[in-house]
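Here is a structure to walk through together. Take a look at the sequence and the model before reading on.

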Amino acid sequence: MNKIKHKTYLPVFYLLLFCSTGIALRSSAQEPLAKMKDTIYVKGTKIPAAIGAAGQEAEILTPKPGPVPKINGPKIYGCRPGHPFLYRIPATGIRPISFSARGLPQGLRIHKETGIITGQIQKKGTYRVKLSGKSRYGKDTRILEIKCGDQINLSPPMGWNNWYAHYERITDQMMREAADHLVSSGMADAGYQYINIDDCWMNAQHHKDLGRVGRARDAIGNILPNSYFPDMRSLTNYIHGKGLKAGIYTSPGPTTCAGFTGSYGHEAADALQFAKWGFDFLKYDYCSYEYLEKKIRDSLPGITSDQLMKAPYLKMGYMLKSQSRDISFNLCQYGRNDVWVWGSEAGNSWRTGADLGPELNQFFEVALKNAVHGKWTRPGAWSDPDYIQIGYVGNTNGMGLPELTRLSPVEQYSFMSLWALLAAPLFYSGDLTKLNDFSLNVLCNAEVIDVDQDLLGKCASVVSKTENTFVLVKELEDGSRAIGLCNKGETQERVTVKWKEAGLPDSSMNIRDIWRQKNIGTAAREYTAMVPTRGVVLIRVIPSLKK
Ligand code: GAL
């Protein structure tokens with residue numbers, strides 16, 4: 001445990017606290033925009049139109065990836081020295097594709113047919129790797145900067161979490177099937193990587209399903225999975241075998257939110273166990289820790305509310321960093337005590353609010369709130385507004401079987417647009433076996449994902465706002481801006497963004513419809529779109545090249 005020396009992780013105060021408490025630490029509305037605003041200058045025959053339809057049919061906006069290889073995914077990847085390295089090159093195109101990587105650091109190798117890179121980098125450093133994918137249809141290359149140092153998750157983590165699909169029905173078999181589907185659906189080719197188990201993999205003292213009832217721990221204190229998870233190591237091996245990563249869940253309290261065994265008093269043993277099992281991600285859900293608060297206050301009378309909240313997260317963060325593998329750490333304490341301010345001291349991402357499931361119609365509000373705290377978002381440290389809930393998601397109130405989401409098609413585009421603008425972790429939490437072309441279109445648009453994964457790691461900020469509309473602007477690494485013209489109201493609204501507000505010069509800009517992956521014209525000074533109800537028009541504004 002003392003191998004890692006990090007002053008942030010062991011302030012004297014927390015040492016004291018650990019000891020004394022035992023808490024060892026979204027137009028095809030197609031209204032001619034030129035009619036609306038004479039500041040739009042259109043090149044070519046087409047009038048600029050962005051996404052969205054006043055109707056609510058599930059229109060697929062994005063052209064399907066072609067047969068030619070196209071490499072997707074982040075442009076930067078963080079890892080720690082001496083730890084197992086695993087990266088599956090996300091790529092579309094008809095397979096077989098022959099993958100290669102020029103400039104791979106020593107210790108790494110690539111599997112030509114799958115594009116899975118494995119191994120271990122011993123030496124800290126920044127390595128510029130040229131990834132290539134070649135097939136009989138063509139070739140693509142992409143530069144990936146591998147930064148071997150102290151930080152991981154240099155772009156927002158992406159994957160799938162089982163919660164809103166399976167709740168307390170989760171099994172090893174479902175996790176394996178999820179891994180299969182992540183690959184066969186093409187989601188992994190768009191960059192989704194983690195397959196994460198949520199609550200209910202351990203034993204409970206009481207549960208209607210007796211297969212989930214049993215001893216919390218073995219004789220030496222190791223946490224015991226329930227009968228639906230017979231072999232965790234075999235499960236992570238299966239997931240890793242596909243080039244994907246595996247995630248797990250626990251609580252700093254004695255029990256999880258669903259009443260299963262938590263890690264309280266066993267933090268070190270559990271962190272070690274998760275690492276030994278081969279997990280790459282941990283969600284740490286506050287829940288029953290709440291009931292310990294009084295006990296801790298009584299034993300440490302001077303303790304502040306911030307100190308009390310931070311302690312269990314700093315502790316587990318430290319434990320995870322001490323393991324011999326990279327484990328992404330997600331703080332789940334519903335945005336209490338301004339977690340965005342200090343979350344990065346403990347981990348890599350932090351939930352900013354309550355569960356979005358039961359209040360799914362609140363996603364615009366959640367996005368607005370996240371944007372307010374946007375300045376805390378940066379590479380390695382991400383505000384997490386909860387999971388993407390489109391397609392078939394569980395009936396959240398009754399923890400029921402997956403049903404078609406209550407969100408309209410327009411809202412589903414909006415959801416994804418907002419999450420990308422926020423540089424949010426992109427975790428789909430719905431039934432992977434029921435994904436149709438529409439849901440996959442929403443989840444897998446490579447240009448939308450590029451906005452999310454942009455190298456700068458910036459969260460969009462609100463540059464203008466009315467009662468129902470607002471404009472979000474996200475600065476991108478190439479000097480362009482991803483812009484969301486948003487309407488959370490019940491009638492369509494005209495929304496304008498001025499270049500000045502977006503931090504751009506008052507000159508001609510190229511405008512790209514990100515969802516349709518089409519250039520839609522040029523405009524000087526500003527851009528206006530008719531935004532449908534509950535819609536987001538997502539554009540990229542790119543300074544025009546001088547002729
Ligand atoms: C909640 C958490 C959810 C899910 C659930 C499991 O506290 O916010 O995302 O993990 O617990 O019981």
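Is F427 buried or exposed? F427 counts as buried, because its relative accessibility is 4%. Here buried means under 20% relative accessible area, exposed means over 50%, and partly exposed is anything in between, all with a 1.4 Å probe and protein chains only.

Before going further, some ground rules: this is a predicted model, so local features need pLDDT of at least 70 and side-chain atom pairs count only at pLDDT 80 or more, while totals for chains, interfaces and linings use all residues. Residues are numbered from 1 along each chain as its sequence is written, and side-chain values use heavy atoms, with hydrogens and water left out.

Now for the overall picture. The protein chain has 547 residues, and 59% of them count as buried. Along the chain there are 14 helices and 28 strands; these are DSSP runs numbered from the N terminus, helices being H or I with at least four residues and strands being E with at least two. The accessible surface of the protein chain is about 21,600 Å², with 53% of that belonging to carbon and sulfur atoms. Such areas come from the Shrake-Rupley method with a 1.4 Å probe, and for residues only the protein chains shown count as cover.

Let's pick out strand β4, residues 84–88. Four of its five residues are buried, so β4 is largely enclosed by the rest of the structure. Its antiparallel partner is strand β8 (residues 116–120), joined to β4 by five bridges; two strands pair if DSSP finds at least two bridges between them. If you look for Y87, its bridge partner in β8 is I117.

Back to F427 and its surroundings. The structure holds 25 aromatic pairs. Rings of Phe, Tyr and Trp (its six-membered ring) pair if their centres lie within 6.5 Å; planes under 30 degrees apart count as stacked, over 60 as edge-to-face and the rest as tilted. F427 pairs with Y194 in a tilted arrangement, at 6.1 Å centre to centre and 40° between the planes. That pair links distant parts of the chain, 233 residues apart, with Y194 in strand β12 (residues 194–196) and F427 in strand β20 (residues 426–428). Y194 is buried too, with a relative accessible area of 5%. Both rings belong to one aromatic cluster, formed by W163, Y164, Y167, Y194, F281, Y387 and F427.

Another ring pair is Y413 with W515: the centres are 4.7 Å apart and the planes are at 75°, so this pair is edge-to-face. Y413 lies in helix α12 (residues 409–421) and W515 in the loop between β25 and β26 (518–524), so the pair ties together parts that are 102 residues apart in sequence. Y413 is buried at a relative accessible area of 3%, and W515 counts as buried at 0%.

W515 also leads us to D513, which has its place in strand β25 (residues 508–513). What does the side chain of D513 reach at 3.1 Å? The backbone nitrogen of W515 is what it reaches, and a polar atom of the D513 side chain lies 2.9 Å from the backbone nitrogen of R516. Polar contacts like these are pairs of N or O atoms within 3.5 Å; within protein, one must be able to donate a hydrogen and the other to accept it, and residues adjacent in sequence count only if both atoms are side-chain atoms. D513 itself counts as buried, at 0% relative accessibility.

Next, move to helix α14 (residues 446–453). Six of its eight residues are buried, so α14 is largely enclosed by the rest of the structure. At the N-terminal end, N445 acts as a cap, with a side-chain oxygen 2.8 Å from the backbone nitrogen of E447. In helix α13 (residues 437–444) you'll find N441, whose side chain makes a polar contact of 3.0 Å with that of T62.

Finally, turn to the ligand. Among the residues surrounding it are W163, D199, K283 and Y334, where a residue is near a molecule or strand if one of its heavy atoms lies within 4 Å of it. A polar side-chain atom of D199 lies 2.7 Å from an oxygen atom of the ligand, and an N or O atom in the side chain of K283 is 2.7 Å from a ligand oxygen atom. For Y334, the corresponding distance is 3.5 Å. The protein covers 95% of the 310 Å² of accessible area that the ligand has on its own.
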